[in-house]
Amino acid sequence: MFVNDMCISDLWKLDSLGITDPVETKTKLETQKETLNHFQKTISVDISGRYEVALPWVLDNKLLSSDRKLAENRLESTKRKLIATGKFEEYQDVLDLWPVIKENSTSKIRPVFDASARTKGSPSLNDCLEKGPNFIEVIPTILNRFRKYKIGVISDIEKAFLQIGVREQDRDFLRFMWYDRENRDHIKIYRHHRVVFGVTSSPFLLGATLNHHLDNAHRNFDNVAKILRKSFYVDNCVTSFETEEQLQKFIVESKILLSSAHFNLRGWQSNVLLNPEKFSELKSQPDNFETMVLGLIWNLKDDCLSCNINCQKNEGKAITKRSLLSIANHIFDPIGFTAPVTLNQN
């Protein structure tokens, strides 16, 4: 999942194998602790009950130079591509105007802010922010807990990042350009008031905000808060229960608890056929009984997990070591389903 974004030299470093120098590890832990302390000191709640956070600066933001010319070039390039593909009107309808078009997603347009863009000699916004802990490491733990009891359930937070405000003094660093709806020849400058998808620190800010909210939950919600604390991967909630009664109670209480912070848990799916009158929040079963759980395929009817193995792009091509390695490296297998096969390859 991360190889495409790494330098080749990084792949040969020991920390890529999980082996790190104790001094370096200590420094990372200290940095993460300082980042969390800064978060706890600066988080606040606005008059509507919405959390507001500060960007976790690791470098002085004064090092950032003006990137207006870069933004103008990106704007023109984006406009040409959207008009050519007939997506401009859909783009216009999305207020956060940086889409990645995903044909297999429930929403074909997802706003993404390219916070890694930089001008020559100047760091990018992402270079100046602490990204927090690596959340990929918690996936195996969550999936194994999901497999513990016979009733599995998943859901997600609707537009999770956009439910968290950004403090006033950091909003100028989240500015972007787009055209006036009434006059496409006129360019306006906007700025985000909410946490942005594409900024390196956003997953940390979401996770820390959720944990802060759950840690301060009313004692009547202690049990559901404890379950939620161990069930989130970014905006995805994944867990399991022994009985339908426990599931029903969890759905009701978790929605109440999170809604008080403007988080809407939705898209509930489970492997049991439940009474729709009791479980009105659950989505209807998909036609093929399959859904995705943290990168794995979950067959709701058979209650089986499997890896997504797509070899279609290699159809009709000669089978080589290179093509086999390419296929193997595209398989996301966080809990080792394919490990016996991988280990026995010659």
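A residue counts as buried when its relative accessible area is under 20%. R171 has a relative accessibility of 10%, so R171 is buried. That charged side chain is a good place to enter this structure, which is a predicted model.

Start with the partners of R171. One is E52, and the two form a salt bridge whose closest N and O atoms are 3.3 Å apart. This pair links distant parts of the chain. R171 sits in the loop between strand 6 (165-166) and strand 7 (175-179), while E52 belongs to strand 2, 119 residues apart from it. A further partner is E168, with closest N and O atoms 3.1 Å from each other. E168 has a relative accessibility of 46%, so E168 is partly exposed. R171 thus pairs with E52 and with E168. The pairing extends to a network of salt bridges that links E52, E168, R171, D172 and R191.

Now step back to the whole chain. The protein chain has 9 helices and 14 strands. Of its 346 residues, 35% are buried. The accessible surface comes to about 21700 Å², and carbon and sulfur atoms account for 51% of that. Take the contacts between residues at least 6 apart in sequence: 67% of them join residues at least 24 apart. The count of salt bridges comes to 12.

Another of these bridges joins two helices. D215 pairs with R229, the closest N and O atoms being 3.0 Å apart. D215 lies in helix 5 and R229 in helix 6, so the bridge ties together parts that are 14 residues apart in sequence. R229 is partly exposed, because its relative accessible area is 38%.

Next, go inside. The largest nonpolar core has 45 residues. Those with the most contacts inside this core are V199, L228, F232, L257, L258, F263 and L265. Several elements each supply at least two residues: strand 2, strand 5 (151-157), helix 5 (202-215), helix 6 (222-229), strand 10 (236-241), helix 7 (244-259) and strand 11 (265-270). Helix 5 gives the most, with 6 residues. Apart from this core lies another, of 15 residues. Among its members are I154, V293, L294 and W298.

What does L258 touch, leaving out residues up to four places away in sequence? The list is L210, H213, L214, L228, F232, F263 and L265. Of these, L228, F232, F263 and L265 are also named among the residues with the most contacts inside the core.

Nonpolar residues also appear at the surface. V58, L59 and L63 make a nonpolar surface patch of about 250 Å². L59 sits in the loop between strand 2 (51-53) and helix 2 (68-85). L59 is partly exposed, because its relative accessible area is 37%.

Helix 2 follows that loop, and K79 has its place in this helix. Is K79 buried or exposed? K79 is buried, because its relative accessibility is 17% and the cut-off for buried is under 20%. Beyond residues up to four places away in sequence, K79 touches F88, Y179 and R184.

Move on to P334. This proline is in the loop between helix 8 (321-329) and helix 9 (339-343). How far apart are the C-alpha atoms of P334 and I136? They are separated by 8.9 Å, although the two residues are 198 residues apart along the chain. P334 also makes contacts of its own. Setting aside neighbours within four places in sequence, P334 is in contact with I139, P140, L143 and L296.

Last, the cysteines. How many disulfides does a search of the whole structure find? The search finds 0. Two cysteines can still be placed by their exposure. C304 is partly exposed, because its relative accessible area is 42%. C307 is buried, because its relative accessible area is 13%.

Technical notes: Residues numbered from 1 in each chain as written. Predicted model: local features only at pLDDT ≥ 70, side-chain atom pairs only at ≥ 80, totals over all residues. Heavy atoms only, no water. Patch = residues over 30% accessible without salt bridge, like charges linked within 9 Å, V, L, I, M, F, W, Y side chains within 5 Å. Areas by Shrake-Rupley, 256 points an atom, 1.4 Å probe, with all protein chains shown as cover. Salt bridge = Lys/Arg side-chain N within 4 Å of Asp/Glu carboxyl O. Helix = DSSP H or I, 4+ residues; strand = E, 2+ residues; numbered from the N terminus. Buried < 20%, exposed > 50% of the residue type's maximum accessible area, 1.4 Å probe, protein only. Core = buried A, V, L, I, M, F, W, Y, C linked by side-chain atoms within 4.5 Å. Contact = heavy atoms within 4.5 Å. Disulfide = S-S within 2.5 Å.
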